[in-house]
Amino acid sequence: MQQIPSVDLRDFLSDDPARKQKFVNEIGEAYEEIGFVALKGHFLDDKLVENLYSEVRNFFNLPLTTKSQYEIPGIGGQRGYVSFGKEHAKGRSTGDLKEFWHFGQYVNEDSKYLNEYPENVFVKELPNFNSTGKEAYKMLERTGKYVLRALALHIGLEEMYFDTFIADGNSILRPIHYPPITDEPNDGAVRAAAHGDINLITLLMGAQGKGLQVQNNEGQWIDAMAQPDELMINVGDMLSRLTNTKLKSTIHQVVNPPRELWATSRFSIPFFMHPVSEMPLNCLEECITSENPKKFDDITAGEFLHERLVELGLIKK
């Protein structure tokens, strides 16, 4: 496969069973083959996208001394600001050339997860930053719910299988700033080194320009570019593990631009869709066959996330 397939969520949401099944077939086939799709028909409108990017630029343009006030110790970077070069890919020690922010789940006062998740961090210098982030979070979470419903049908599960696991899930919205490159990067550092995502699925805004690359089955790196009205959505390691690798969590990276574009910033905004911590990631019986025997030990989503945050250098053992 040399390019990322495009699908339209409006097919799944239609009242036409044939259109709905067409979407299930298309996204299922893409996720078994390359693990990525470009999705039209999502719930983010143009104005919300425009407002979010404006607020994100405003935040990253703040002085470093101001941004650093929002870097919260002791929570593994799960909320607020994470400074430049702090995160690295699994298996690497060189930090990625990026800084980022984390919006997390918005739980009600009576939620049993109220004390499990860190509170969201409020940026007092930008009165619309947090409200805009929350609105985008909700629309991306809603989009992801329907993608997972389609995948449940593809796997052979009941359509709403994932709903209870993602309600109040530990999902993260991460606006990323890749600053201009001013010097030759050390040790082959890139904007985001080759990695797989931790979560169930990732919904990515800002994949319209070159930079994001996906490794296909032949080991070739192909450009993953979405149209302006599309989100790039990929399978994460949790979903791949749950489906016994029937659905592929594909290695991807964000490479540095050509030298003539080093002076430019890049922004992207992924939404990492996580379930609640107690969700079992035990390989589904529907995905275990004699040709594809069970590949992984049983584990919960919370245990798996902790392991990976240690590997990424965001929390200590």
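Begin by selecting lysine 210 in this predicted model and showing what surrounds it: leaving aside its neighbours within four places in sequence, lysine 210 is in contact with Asp223, Met225 and Arg266. Lysine 210 itself sits in the loop that runs between β8 (201–205) and β9. With a relative accessible area of 63%, lysine 210 counts as exposed, because that value is over the 50% cut-off. If you draw a line from C-alpha to C-alpha between lysine 210 and methionine 225, you will find them 6.5 Å apart in space, although they are 15 residues apart in sequence.

Next, follow the chain onward into strand β9, residues 212–215, and colour strand β10, residues 221–223, beside it; the two pair in the antiparallel sense over three bridges. To see one of these pairings, pick glutamine 213 and look across to β10, where aspartate 223 is its bridge partner. Aspartate 223 is also among the residues that lysine 210 contacts. Between the strands of this hairpin there are five residues, and within the hairpin glycine 219 takes a positive phi near 80°.

Now add strand β12, residues 252–254, which also pairs with β9 in the antiparallel sense, again over three bridges. Here the residue to select is valine 214, which stands opposite histidine 252 in β12.

From there, move to strand β13, residues 266–273, and select serine 268, which has its place in this strand. Is serine 268 buried or exposed? Serine 268 is buried, because its relative accessible area of 5% is under the 20% cut-off. Not counting residues up to four places away in sequence, serine 268 touches Arg174, Pro175, Ile176 and Tyr178, and also Leu204, Met205 and Gly206.

The last stop is helix α3, residues 46–60, whose 15 residues reach 21 Å from the first C-alpha to the last, close to the 21 Å expected at 1.5 Å a residue. Which residues of α3 are buried? They are Leu48, Leu52, Tyr53, Glu55, Val56, Phe59 and Phe60. These buried residues lie on the same side of α3, because they cover an arc of only 165° around the axis. Turn the view to the other side of α3, and you come to Asp46, Lys47 and Glu50, which are exposed. Finally, zoom in on the start of α3, where a side-chain oxygen of aspartate 45 reaches to within 3.1 Å of the backbone nitrogen of lysine 47.

How values were computed. Residues numbered from 1 in each chain as written. Predicted model: local features only at pLDDT ≥ 70, side-chain atom pairs only at ≥ 80, totals over all residues. Heavy atoms only, no water. Pairing = 2+ DSSP bridges. Helix = DSSP H or I, 4+ residues; strand = E, 2+ residues; numbered from the N terminus. Expected span 1.5 Å × (residues − 1). Buried < 20%, exposed > 50% of the residue type's maximum accessible area, 1.4 Å probe, protein only. Arc of directions from axis to C-beta. Polar contact = N/O pair within 3.5 Å; in protein donor to acceptor, adjacent residues only side chain to side chain. Contact = heavy atoms within 4.5 Å.
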